[in-house]
Amino acid sequence: MSELNELKDYLIELGASKVGFADVNGLANEFVDLPNGISLVLKLPKETIQLVKDEEYEDYWKSFHRQIGKLTKIAHKGERYIKNLGYDAFALTMKRNECDMEKLLSILPYKTIATKSGLGWIGRSALFVTPEYGSAVALGAILTDMPLEFGNPITDSECDDCTNCQDACPVDAINPQKWNNRLNREDIIDIKTCSEYIIDQYKAGLGCTKCMSECKLTQEYLKR
């Protein structure tokens with residue numbers, strides 16, 4: 001078995017639901033020496049999504065952050081594994097990939113690495129969507145100089161005519177335009193309206209993840 005297959009199997013054994021590989025060379029000045037990206041996708045437990053539907057947001061955020069903690073451990077262990085192979089690696093955890101909460105934008109978006117890995121696409125809601133779990137996922141990544149076999153990037157939305165997330169948005173922040181990688185994020189979502197509402201909800205101990213829970217593919221995942 002090749003080093004690459006062994007690495008992928010190791011990350012899956014640690015708990016990752018999906019693992020993909022992407023060329024991220026030149027996407028972030030901070031990481032020019034690590035041109036290859038490993039996308040880590042972790043499905044959210046079905047009971048976590050049910051908490052959203054039940055509007056039990058305090059419990060939802062606790063559960064969600066437990067999943068982020070799990071992803072962080074997977075990324076750090078993956079980083080050590082790759083370094084033990086003789087390559088450089090950097091676990092791109094939430095603390096290391098600082099997010100501007102007003103712009104809802106990180107240094108190197110996990111969604112970019114995931115779409116370039118071929119693991120899914122960007123929904124109308126600007127959330128990452130997988131065919132298996134909808135948008136009920138948490139994302140992480142590892143950057144490395146280890147040679148990788150890149151997946152086939154997904155460059156167009158596969159949401160077809162579904163508008164569930166758009167219809168569910170309480171502040172009408174989602175535009176009718178479907179995502180493709182030639183568009184800017186502002187073409188598909190009013191990020192200012194979205195971020196202001198999310199921040200206000202979070203401060204009030206609430207949340208707004210209806211676009212995630214109402215996604216058609218999320219619903220199919222819940223029924224399986």
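E196 comes out as partly exposed in this predicted model, with 40% relative accessibility. Its partner is K192: the two side chains meet in a salt bridge, with N and O 2.6 Å apart. K192 is exposed, at a relative accessible area of 53%; that counts as exposed because the cut-off is over 50%. Both residues sit in helix 6, four residues apart, or about one turn of the helix. The general idea is simple enough: side chains of opposite charge can pair when their charged atoms come close.

A similar spacing turns up in helix 3, which covers residues 57–84 and holds both E79 and K83, again four residues apart and about one turn of the helix. Here the closest N and O atoms of the salt bridge are 3.6 Å apart. As for accessibility, E79 is buried, with just 9% relative accessibility, while K83 is partly exposed at 40%.

Not every pair stays inside one helix. R182 and D156 also form a salt bridge, at 3.0 Å from N to O. R182 belongs to the loop between helix 5 (164–168) and helix 6 (191–203), and D156 to the loop between strand 8 (137–144) and helix 5, so this pair ties together parts that lie 26 residues apart in sequence. R182 is exposed, with a relative accessible area of 57%, whereas D156 is partly exposed at 35%.

Taken over the model, the count comes to seven salt bridges, among them the pairs E79 with K83, R182 with D156, and K192 with E196.

Methods:
Residues numbered from 1 in each chain as written. Predicted model: local features only at pLDDT ≥ 70, side-chain atom pairs only at ≥ 80, totals over all residues. Heavy atoms only, no water. Salt bridge = Lys/Arg side-chain N within 4 Å of Asp/Glu carboxyl O. Helix = DSSP H or I, 4+ residues; strand = E, 2+ residues; numbered from the N terminus. Buried < 20%, exposed > 50% of the residue type's maximum accessible area, 1.4 Å probe, protein only.
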